Amino acid sequence: MATIEPSRTDPFLPSGRPFTIDDLLEIPDDGNRYELFNGSLLVSPAPSRVHQRVVYRLQRLLDDALPPDLEPVATINMRVSEKDYYIPDLVVLPMDLPDSDGLMHSPKDMLLAVEVGSPSTKMRDEDLKVKAYAKAGIPFYWRVEPDEGPALYVYELNGDRYKPPTTYKAGAVTELSKPFRMSFDLAQLTD
């Protein structure tokens, strides 16, 4: 005997139109990370332990290296437009931003956005985020790939695009002068 299951419509799924930030805010918290790219929903699982370790250690290194007028902040909501919304792993913001700036942050306030790669986000971080963050006008983008030793890819904005990245590998001291002075061995992020 065949049965017909009752149909169910989810109140947070838009019908025949792009997702918006308002739609996104209706999705129940299920441990996944939801982002929007031109109205398309991007879903990532909760980060792995290695991913979290890299984010935490890099945030500590940034905190020690940054001038007093800047601070590193993890996993903030970045609203680019009604249909473009991202959650970078780390950003660097000016300290003088008001603490009551609400749920969403503007990319115009960000000096640096950082993504730590994982198998589920690698292609997104290498292509989509490079283009999206450049279009949003974020001056610097760092992509950390833990599976590569780790490796750091540093992108600098040139007009409306990033220049090809400079790559740094673990095992030698990485010396950065832009957007601030910083030196460390990438191995510190995973060892």
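This report walks through a predicted model of a protein chain, from its overall build to a few individual residues.

## The big picture

Let's start with the whole chain. It has 191 residues, and 43% of them count as buried. If you trace the backbone, you'll come across 3 helices and 13 strands. Draw a box around the C-alpha atoms along the principal axes, and that box comes out at roughly 70 × 40 × 30 Å.

How much of the contact network joins residues 24 or more positions apart? Among contacts with a separation of 6 or more, such pairs account for 51%. On the outside, the chain exposes about 10,700 Å², and carbon and sulfur atoms supply 51% of that area. As for charge, there are 21 positive and 31 negative side chains, with the centres of the two sets lying 5 Å apart.

## Two nonpolar cores

Now for the inside. In soluble globular proteins, nonpolar side chains tend to be buried together. Here, the largest nonpolar core has 23 residues, and the members touching the most other members are L58, L62, W142, F180, M182 and F184. Several elements each supply at least two residues of this core: helix α2 (49-65), plus strands β6 (90-94), β7 (112-116), β8 (140-145), β9 (151-158) and β13 (182-185). Which one gives the most? That's α2, with 5 residues.

M182 is a good residue to click on. Leaving out residues up to four places away in sequence, M182 touches L58, L61, L62, A65, W142, T174, E175 and L176. There is also a second, separate core of 20 residues, whose members include M78, A113, I138 and Y155.

## Rings that pair up

A pair of aromatic rings is described by the distance of the centres and the angle of the planes. Searching the whole structure turns up 6 aromatic pairs. One of them is Y133 with Y141, an edge-to-face pair with 5.2 Å from centre to centre and 90 degrees between the planes. Both of these tyrosines are buried. They also belong to a cluster in which ring pairs link Y86, Y133, Y141, Y155 and Y162.

Another pair takes us back to the largest core, where both W142 and F180 are members. Why is this pair called tilted? The ring planes of W142 and F180 sit at 55 degrees, with the centres 6.1 Å apart, so the pair counts as tilted, since edge-to-face needs an angle over 60 degrees and stacked needs one under 30. The two rings link distant parts of the chain: W142 is in strand β8, while F180 is in the loop between β12 (173-176) and β13, 38 residues apart. W142 and F180 are both buried.

## Around the start of helix α1

Last stop: two neighbours, T20 and I21. I21 lies in helix α1 (residues 21-26), while T20 is in the segment before α1. Is I21 buried or exposed? It is buried, because its relative accessible area is 1% and the cut-off for buried is under 20%. T20 has 17% relative accessibility, so T20 counts as buried too.

What do they touch, leaving aside neighbours within four places in sequence? I21 is in contact with L36, R79, S81, E82, D84, Y85 and M104. T20 is in contact with L36 and E82. One more distance to look up: the C-alpha atoms of I21 and G39 are separated by 8.7 Å, with their positions 18 residues apart along the chain.

Technical notes:
Residues are numbered from 1 along each chain as its sequence is written. This is a predicted model: local features need pLDDT of at least 70, side-chain atom pairs count only at pLDDT 80 or more; totals for chains, interfaces and linings use all residues. Side-chain values use heavy atoms; hydrogens and water are left out. A nonpolar core is a set of buried Ala, Val, Leu, Ile, Met, Phe, Trp, Tyr and Cys residues joined through side-chain atoms within 4.5 Å. Buried means under 20% relative accessible area, exposed over 50%, partly exposed in between (1.4 Å probe, protein chains only). Helices (H or I, at least four residues) and strands (E, at least two) are DSSP runs, numbered from the N terminus. Contact means heavy atoms within 4.5 Å. Accessible areas come from the Shrake-Rupley method with a 1.4 Å probe; for residues, only the protein chains shown count as cover. Lys and Arg count as positive and Asp and Glu as negative; His and the chain ends are not counted. The place of a charge is taken as NZ of Lys, CZ of Arg, CG of Asp or CD of Glu. Rings of Phe, Tyr and Trp (its six-membered ring) pair if their centres lie within 6.5 Å; planes under 30 degrees apart count as stacked, over 60 as edge-to-face and the rest as tilted.
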